[in-house]
Structure formats: C-alpha cells, structure tokens
Amino acid sequence: MTVAHEVPAIPAPVSSEPLVASLASGMRLVPARVGRPGHVQTIHIECPTWCTQNHVEDWQYDIEDIEHAGASFSVQVPTMAGDEALYEWYGRVSSDPWSSDLRMREAHVLVGDCSREDARLTPDMTDELADKVIAYGLQLRAAARVARQASQGGTAAV
Ligand SMILES: [Zn+2]
C-alpha cells in the first residue's frame with residue numbers, strides 16, 4: 001500500500017511530451033521508462049541536475065518507484081590478512097520524489113555499508129558525520145604513527 005497519492009505537493013505530473021517552460025531551478029526534463037512488461041512506455045519526468053541515474057535503463061513498474069540518485073562514492077577498509085576489503089561505506093545524494101515523507105522527497109545523503117538498511121541524512125547531519133569521519137581519519141593517522149614506530153623498535157604516545 002502506498003499513500004503517495006494522498007500527499008500534497010507531489011512533483012509535477014509527468015508527460016509524454018517535454019514541457020520545459022515549467023521546470024523548477026536545478027531541474028531538467030529527462031526520459032524515463034515505466035510500466036509492466038509488455039506495457040512499458042517512455043515518459044518525461046523532472047530530474048534534479050545532480051542525478052546521475054539513467055531513468056530509461058533503470059525502468060520501473062510505476063512512476064512512484066522512481067528515485068533520483070547522484071554519483072556514488074565509497075571508502076573500503078582493506079586487511080593485510082586478505083586481498084578483499086572487509087568493510088565498505090558508500091554514499092550518494094538521493095531523493096524519493098513520491099515519498100509520503102517530505103524529508104525523503106528533498107535531496108538528502110544516503111550512507112550505507114551493504115549490510116543493512118541505508119542511513120539517510122539531512123545536509124546538516126551529513127556535515128556532522130563528515131566532521132566525525134575527519135576526526136576518525138586523524139586518529140587513524142596517529143595509530144599508524146604509533147604502529148610504525150613500534151614496529152621499528154621505538155615508542156610513541158597516541
Ligand atoms: Zn533522476
């Protein structure tokens with residue numbers, strides 16, 4: 001069940017014909033494929049300029065299933081015990097224009113590790129997380145310095 005149709009201020013209706021004059025700032029009109037197999041059609045939807053999703057190749061059953069996604073970035077944690085990374089954090093800008101939750105309709109940042117539900121952060125929450133990750137990075141460098149000196153026979157304070 002979806003309540004997306006009951007929520008006000010849903011994005012502009014889709015059209016099979018481009019209507020460029022009514023586009024909001026930062027939006028563009030792009031083709032998208034939607035429909036059940038055998039009934040897939042190409043429509044035009046408003047898509048934010050930061051979105052890198054190909055809405056034609058990534059066809060959806062219903063327009064309500066279309067989400068916008070920016071370029072993904074990630075950091076992997078390698079291990080000296082193997083060739084594959086043990087952990088990976090990825091992130092990207094995201095929006096779900098048909099969500100009943102206004103926060104999900106607005107551009108936000110998605111962060112995940114492939115192991116469970118993705119975290120969705122407001123820009124302010126993302127800045128706070130970035131500050132913590134930067135501090136974590138500085139602690140990693142300090143730990144590396146201690147380990148390097150210890151392996152060379154010296155000692156260092158953390
Ligand atoms: Zn898009």
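Author: A contact here means heavy atoms within 4.5 Å. With that settled, let's walk through this predicted model.

Reader: Glad to. Of the contacts in the chain with a separation of 6 or more, what share comes from residues 24 or more positions apart?

Author: Here we set aside contacts with a separation under 6 and look at the rest. Among those, the share held by residues 24 or more positions apart is 33%.

Reader: In what pattern do the helices and strands follow each other along the sequence?

Author: There are two helices and seven strands to place. Reading along the sequence, their order is β-β-β-β-β-α-β-β-α.

Reader: Which residues hold the zinc ion as protein donors?

Author: The donor atoms lie 2.1 to 2.3 Å from the zinc ion. Their residues are spaced C-x3-C-x3-H-x12-H in sequence. By name and atom, they are Cys47 (SG), Cys51 (SG), His55 (NE2) and His68 (ND1).

Reader: And what geometry does the site of the zinc ion have?

Author: Four donors count as tetrahedral if all angles lie between 85 and 135 degrees. The angles among the four donor atoms here run from 101 to 118°. For comparison, the ideal angle for four tetrahedral donors is 109.5 degrees. The site of the zinc ion is therefore classed, by the angle rule, as tetrahedral.

Reader: Is Cys51 buried or exposed?

Author: The cut-off for buried is under 20% relative accessible area. Cys47, another zinc donor, meets it at 0%. Cys51 has a relative accessible area of 5%, so Cys51 is buried.

Reader: Finally, how much of the chain is buried?

Author: The chain has 158 residues, and its accessible surface comes to about 11,200 Å². Carbon and sulfur atoms account for 55% of that surface. As for buried residues, their portion of the chain is 23%.

Methods:
Residues numbered from 1 in each chain as written. Predicted model: local features only at pLDDT ≥ 70, side-chain atom pairs only at ≥ 80, totals over all residues. Heavy atoms only, no water. Donors = N, O, S within 2.8 Å, 3.2 Å for Na, K, Ca; no water. Tetrahedral: all angles 85-135°; square planar, octahedral: opposite > 155°, others 65-115°. Buried < 20%, exposed > 50% of the residue type's maximum accessible area, 1.4 Å probe, protein only. Helix = DSSP H or I, 4+ residues; strand = E, 2+ residues; numbered from the N terminus. Areas by Shrake-Rupley, 256 points an atom, 1.4 Å probe, with all protein chains shown as cover.
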